[in-house]
Amino acid sequence: MSEGVFLFGMDAAYNPRTVEEVFRDYKGRRSGMIKALTTDVEDFFQQCDPEKENLCLYGFPSEQWEVNLPAEEVPPELPEPALGINFARDGMQENDWLALVAVHSDAWLLSVAYYFGARFGFDKADRKRLFNMINDLPTIFEVVSGNAKKQTKEKSLVRNHGSNKSKSNTKGRGSESQGKYGGKGDEEGLEEEDEEHGDTLCGACGENYASDEFWICCDICERWFHGKCVKITPAKAEHIKQYKCPSCSSKRARP
């Protein structure tokens, strides 16, 4: 068992005592778990072997993830995530299984955040502020299932404008493709683009769209991704005729 999972938040070098620090811890763990269920889903699927013992999905503040056995300590240093996620892998549709893991992951993240809040004596105002900060982000379930309201709204907007753009124009947008997207390059055009697409959520990390970052759209599921999250640069995107995100690619490759 990797002790790093439990000591990460408790070590003297990393001790989230303020609301902002606990929220930063939450965001890091959340990003790692989203990676496991989206961009790294093929690796995650393989690690969740039903033949193995009870396995859990852990998220780290460093935005990494790990599938491992539960803590041996009783009681554990931190609240434990859902136990035995691997047992249901082959007994459900993959999307349903990933959604189930996502729901339990959301519950675990909240329990860890409020564990720190209780441990360091957050009062009612602190707890409310922490909840509001967390609630401003889409849940892991919303990111994995595509049910985020903002993302659904953006998908409709992208489809409505599809007839006005060539395939290359819908492929990517950001600092190196603003001129192509919507045909606007002046300051007013960039402000309108930020307003129009500011609610777009990355299908990998769940963060919002920013005009100074390169994004790419999957031609299969129509979700948008940070280029850095799926390891696609603007130069690579120019040579891709049909882009498939890691999740869509793994579904087609797996029998």
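**Exercise 1. Determine which element gives the largest share of the lining of the largest pocket, and describe that lining by class.**

*Solution.* Step 1. Helix α2 supplies the largest share of the lining, three residues; helices here are DSSP runs (H or I, at least four residues) and strands are runs of E with at least two, numbered from the N terminus. The model is predicted: local features need pLDDT of at least 70 and side-chain atom pairs pLDDT 80 or more, whereas totals for chains, interfaces and linings use all residues. Residues are numbered from 1 along each chain as its sequence is written, and side-chain values use heavy atoms, without hydrogens and water.

Step 2. The pocket is lined by 15 residues, and Lys-35, Glu-63, Cys-205, Lys-228 and Cys-229 lie nearest its centre. A pocket is an open set of points on a 1 Å grid over the protein atoms alone, where a 1.4 Å probe fits, with protein on both sides within 12 Å along at least five of seven lines; lining residues have an atom within 4 Å of a point.

Step 3. By class, the lining holds eight charged, four nonpolar and three polar residues. Asp, Glu, Lys and Arg count as charged; Ala, Val, Leu, Ile, Met, Phe, Trp, Tyr, Cys and Pro as nonpolar; the others, Gly among them, as polar.

**Exercise 2. Establish how far helix α2 reaches and how much of α2 is buried.**

*Solution.* Step 1. Helix α2 covers residues 19–37, and its 19 residues reach 27 Å from first to last C-alpha, close to the 27 Å expected at 1.5 Å a residue. The expected span is 1.5 Å times one less than the number of residues.

Step 2. Of these 19 residues, 14 are buried (under 20% relative accessible area; exposed is over 50%, partly exposed in between; 1.4 Å probe, protein chains only).

**Exercise 3. Identify the salt-bridge partners of Asp-25, Arg-30 and Lys-228.**

*Solution.* Step 1. Asp-25 pairs with Arg-29 at 2.7 Å, N to O; a salt bridge places a side-chain nitrogen of Lys or Arg within 4 Å of a carboxyl oxygen of Asp or Glu. Both residues belong to α2, four residues apart, about one turn of the helix.

Step 2. Arg-30 meets Glu-207 at 3.7 Å, N to O. Because Arg-30 lies in α2 and Glu-207 in the loop between α9 and β4, the pair ties together parts 177 residues apart in sequence. Arg-30 is buried at 0%, whereas Glu-207 is partly exposed at 22%.

Step 3. Lys-228 bridges to Glu-213, with the closest N and O atoms 3.3 Å apart. Lys-228 is exposed, at 63% relative accessible area.
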